[in-house]
Amino acid sequence: TFFVLGTRVDAYPKLIRRMADEGHEIGNHSNAHNMLHRMDLAGVRNEMGKCAEKVEKLLGYRPTVMRCPGGNKNNAVHQYATEAGIPIAYWSVDTRDWESRNKDNILEVAFGKNGIKDGSIVLMHDIYKTTVEAAKEMILRLKAEGYVFVTTSELIEARRGGIVAGKQYS
């Protein structure tokens with residue numbers, strides 16, 4: 001699942017379309033990565049709504065899952081997600097790629113003591129070259145170990161027996 005920013009939908013429409021065409025889920029990560037937990041409901045609706053509208057204009061459908069920038073949320077975020085009929089997806093493994101920007105460090109976290117296991121949701125950011133390099137290696141290794149890749153929504157559905165709008169999953 002790629003959680004996209006509305007500003008990235010504007011800048012890279014061909015890439016976003018390719019992601020969707022290749023079967024990846026497109027999730028809402030806000031329009032401009034503003035901190036939703038500092039906003040009231042109107043602000044959250046505006047920030048998330050802009051991204052959802054851009055995705056819908058490009059792909060013909062709105063995202064069916066969201067992730068808050070920085071993982072920060074408040075009651076307004078939960079209310080928005082409930083109204084929008086979508087879950088809030090978080091992560092169970094943070095590779096801290098945004099911090100280290102080092103392929104070996106990313107892989108060490110991913111495969112370390114508290115790293116990837118069956119059912120993990122792994123947080124990575126495709127804006128860093130080192131993350132992309134790590135992801136390529138990670139995917140090959142996980143496939144060799146027998147892992148199957150699914151979208152965040154598919155994982156929530158399979159592991160939790162259904163998706164509840166406005167609920168947080170990790």
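# Notebook: salt bridges, cysteines, cores and helix α6

**Entry 1. R45 and its partner**

I looked up R45 and found that, at 40% relative accessibility, it counts as partly exposed. I note at the outset that the model I am reading is a predicted one. E83 is likewise listed as partly exposed, its relative accessible area being 44%. I then asked how R45 and E83 are paired, and found a salt bridge in which the closest N and O atoms are 2.8 Å apart. R45 belongs to helix α3 and E83 to helix α4, so this pair ties together parts that lie 38 residues apart in sequence.

**Entry 2. Other salt bridges**

How many salt bridges does a search of the whole structure find? I recorded 9. By way of background, side chains of opposite charge can pair when their charged atoms come close.

I looked at E22 next, and saw that it forms a salt bridge with R18, with 2.8 Å between the closest N and O atoms. E22 is partly exposed, with 49% relative accessibility. R18 is also partly exposed, and its relative accessible area is 48%.

I then turned to D118 and R159, whose side chains meet in a salt bridge at 2.6 Å, N to O. D118 sits in the loop between α6 and β5 (122-123), while R159 is in helix α8 (residues 152-160), so the pair ties together parts 41 residues apart in sequence. I checked the accessibility of each partner: D118 counts as exposed at 55%, whereas R159 is partly exposed at 43%. I also noted a network in which D94, R96 and E99 are joined by salt bridges that share partners.

**Entry 3. Cysteines**

I searched the whole structure for disulfides and obtained 0. C51 is in no disulfide, and the nearest cysteine sulfur, that of C68, is 12 Å away from it. Why is there no bond between C68 and C51? The sulfur of C68 has its closest cysteine sulfur in C51 at 12 Å, and this is too far for a bond; the cut-off I applied is 2.5 Å between sulfur atoms. Is C51 buried or exposed? C51 counts as buried, at 0% relative accessibility. C68 is buried as well, with a relative accessible area of 0%.

**Entry 4. Nonpolar cores**

I looked up the largest nonpolar core and found 13 residues in it; those that touch the most other members are L36, V44, M66, C68, V77, Y80 and I88. Which elements give two or more residues to this core? They are α3 (41-59) and α4 (75-84). Of the elements, α4 gives the most, with 4 residues.

I followed M66 further and listed its contacts, leaving aside neighbours within four places in sequence. M66 is in contact with F3, N28, L36, M48, V77, Y80, A81, I86, P87, I88 and A89. I also recorded a second, separate core of 10 residues, among them M19, A20, V55 and L58.

**Entry 5. Helix α6**

I asked which residues of helix α6 (residues 103-110) are buried, and found I106, L107 and A110. These three cover an arc of only 95° around the axis, which puts them on the same side of α6. An α-helix has 3.6 residues a turn, so residues three or four places apart point the same way. On the other side of α6, I found D104 and E108 to be exposed. The cover over the buried residues of α6 includes α5 (97-100) and α7 (129-144).

I then examined the N-terminal end of α6, which is capped by N102. A side-chain oxygen of N102 lies 3.0 Å from the backbone nitrogen of D104.

**Entry 6. I121**

I looked up where I121 lies, and placed it in the loop between α6 and β5. I121 is buried, with a relative accessible area of 7%. Which residues does I121 touch, not counting those up to four places away in sequence? I listed R67, Y90, W91, S92, V93, T152, L155 and S170. I finally took the separation of I121 from V55, a residue 66 places away along the chain, and their C-alpha atoms are 22 Å apart. V55 is one of the residues I had entered under the second core.

Technical notes. Residues are numbered from 1 along each chain as its sequence is written. This is a predicted model: local features need pLDDT of at least 70, side-chain atom pairs count only at pLDDT 80 or more; totals for chains, interfaces and linings use all residues. Side-chain values use heavy atoms; hydrogens and water are left out. Buried means under 20% relative accessible area, exposed over 50%, partly exposed in between (1.4 Å probe, protein chains only). A nonpolar core is a set of buried Ala, Val, Leu, Ile, Met, Phe, Trp, Tyr and Cys residues joined through side-chain atoms within 4.5 Å. Contact means heavy atoms within 4.5 Å. The arc is that of the directions from the helix axis to the C-beta atoms. A polar contact is a pair of N or O atoms within 3.5 Å; within protein, one must be able to donate a hydrogen and the other to accept it, and residues adjacent in sequence count only if both atoms are side-chain atoms. A salt bridge is a side-chain nitrogen of Lys or Arg within 4 Å of a carboxyl oxygen of Asp or Glu.
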